[in-house]
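User: I am new to this structure and would like to go through it in questions and answers. Please begin once it is shown.

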Amino acid sequence: MLRYTIRRLIQAVPTLVGVVVLIFFFVRALPGDPARLYAGTDADPATVEAVRQQFGLDRSLPEQFAYFVAGLSRGDLGRSFRANMSVTSLLARHFRATLVLASIATVIATLLGVLLGITAARRRNSFIDLSITSASVLGISTPSFFLGILLIYLFAVKLRVLPVAGNVSLKGLVLPAVTLAVASLGTIARFARSSLLETIANDYVRTASAKGLSRSRVINKHALRNALIPVVTIVGLQFGFLLSGTVIVETVFNFHGLGWLLIQSVEARDYPAVQGLMLVFALQFIVINLVVDVLYGVIDPRISYD
Amino acid sequence: MTESLERPRVARSAFSRSVLGRLLRHRSGSLGLVLTAFFIVLAVIGPWVAPYGPATPDYTLLAAGSSSSHWLGTDAFGRDTFSRLLAGARYSVTIGLSATLIGALAGGIWGVLAGFLGGWFDNVSMRLVDVLLAFPGILIAIGLVTITGPGVGPVVFASAVFGVPVFARLARGSTLEVKTRAFIEAANALGMRRLGVMARHVVPQVVAPVLVYATLRSGSTLLVASGLSFLGLGVQAPAPEWGAMLSDAQLWLAVQPLMAFAPGVTITLAVLGFNLLGDGLRDVLDPSIRV
């Protein structure tokens, strides 16, 4: 287990290097000149040059890259062009909001998704099964930006029971979290359903039935546990998916998290902030995949890593 | 049955006929097929059957609700929403489908080459795929479209790249699996050239899973493409792209919700159609692909 974890960590190193290189060049490929943008439209060339120097953009690309990497090794992501603070504190300021949002959405999606998936599998081919499967695929197919607008209209404009946005209150989290959760909920429900159905088809489950156990006991005692193991993978993947989904959902709700900040920073050509944000998104993704793979072995003793 | 005994059909045509037949018997798959066909037809004939021009304003009827002259109301400029949706199919559906196909083709070729050639090319390719997959897909699309600037071409490109690493990995996996089969060994033993083996024996085996996955993927590609336009990064305002329409309608939500609901429901139906068709195709052709 430990050896496997270490091996995976080592494998992640070249990926990370690639990620850092890609991010650096992506940011510099953005059209527009940040120095001119921040100096103001009618600034004289000297001012523009001064801003360029202040941002460190007067140096050659290799120099800038070396500076970026040197900063990274110290955990320093540079200073944001737009906000007058370091990128690390800028990220820290918005990270919590997104983490809370994505976590709540994951909890909603997992609990409801597993519950619905199991219910559907237990009553296979019934009306309930059909309703749950239809609702799941509808949830997966609905664009989050449309669902968000729909919920805003229902609960904020018509019923006036929930605020449109704001990461200030728990109430302000409800609509964005539900919007974010729906697509994953559908995916998890479908996955849980098919996983349980597959498990039920196994010989040992038939044996349990053959020795006279009731159907609910067969499912609860024998099938369910094994059926839920692969669900762990999908939940992990969905958590990563949700984090990226925040880009659109946070824009719809004007929710000031990482996704919202990314769009703002890209528009403002805030190179250091965009670099930091993309790095955080990629890191989250890499870490989640790693944790899911390791966790998988902890839960399922049948899997060995060597 | 007796008929086929008397008159043997060409294997391929019987195969494709049976796929379509099985798909039509698949409950949700047939619904997906109908929906998808509907939207593809709409993309072709949409602008011609629209009662009004997509950019024709009626300044006496701004942000109006449903009426006999404007079934789905009008937008903030008095343009007929129904006509705009019909004309917009040419943007949204075409972008979604072509981006999926280009992504599947590029990723598929890359994956087959990596899997078949192996060696350093395979190593470098897969490290690159790892790097691309380390980013949430939509982030890559957003990044690319910001670099290229807005427009139809850039959205197709960005949404296509969104799929490339996934298709590359899938095609490589299928190629590696095919490579171990006996008929490849036989072809090699017969002295067939490597390129010939790849084209004649490997590629046909990889096409089916890639195609099934492309259908499965077209829904999410459409979501990403319209999402880019919704964010204001993709197809720009006067064009009746559905995501852009939804974005414009946001400001008018309290005044005229229909303006947002109409494109929203349309996108959902189109994505639903693609997803149902993809699920159906997978069930019929290759139940082993798990997504």
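**Chain B, the chain contact and helix packing**

Analyst: Chain B has 11 helices and zero strands, where helices (H or I, at least four residues) and strands (E, at least two) are DSSP runs numbered from the N terminus. This is a predicted model, in which local features need pLDDT of at least 70 and side-chain atom pairs count only at pLDDT 80 or more, while totals for chains, interfaces and linings use all residues. Residues are numbered from 1 along each chain as its sequence is written, and chains are lettered from A and ligands numbered from 1 in the order in which they are written.

User: What percentage of the residues in chain B are buried?

Analyst: A residue is buried if 20 or more other C-beta atoms, placed from the backbone, lie within 10 Å of its own. The C-alpha atoms of chain B fill a box of roughly 80 × 55 × 25 Å along the principal axes. Of the 291 residues in chain B, the buried share is 49%.

User: How many charged residues has the side of chain A that touches chain B?

Analyst: Two residues are in contact if their C-beta atoms, placed from the backbone, lie within 7 Å, and by this rule 36 residues of chain A meet 33 residues of chain B. Elements giving two or more residues to this side of chain A include helix H1 (2–29), helix H10 (215–252) and helix H11 (258–267). Ala, Val, Leu, Ile, Met, Phe, Trp, Tyr, Cys and Pro count as nonpolar, Asp, Glu, Lys and Arg as charged, and the others, Gly among them, as polar. By class, the side of chain A has 29 nonpolar and seven polar residues, and the number of charged ones is zero: there are no charged residues.

User: Which helix of chain B helps to cover the buried residues of H11(A)?

Analyst: Seven of the 10 residues of H11(A) are buried, among them A:Trp260 and A:Leu261. The cover includes helix H5 (87–122), H10 and H12 of chain A, together with a helix of chain B, namely H6 (137–148).

User: How are H8(A) and H10(A) oriented to each other?

Analyst: Helix H8 (residues 170–200) of chain A packs against H10(A) at an angle of about 160°, with the axes 8 Å apart. Axes are lines fitted to C-alpha atoms, for helices over the stretch in contact, and angles run from 0 to 180 degrees between N-to-C directions. Angles over 145 degrees count as roughly antiparallel. H8(A) and H10(A) are therefore roughly antiparallel.

Key:
A residue is buried if 20 or more other C-beta atoms lie within 10 Å of its own, exposed if 12 or fewer, and partly exposed in between; C-beta atoms are placed from the backbone. Angles under 35 degrees count as roughly parallel, over 145 as roughly antiparallel, 65 to 115 as roughly perpendicular and the rest as oblique.
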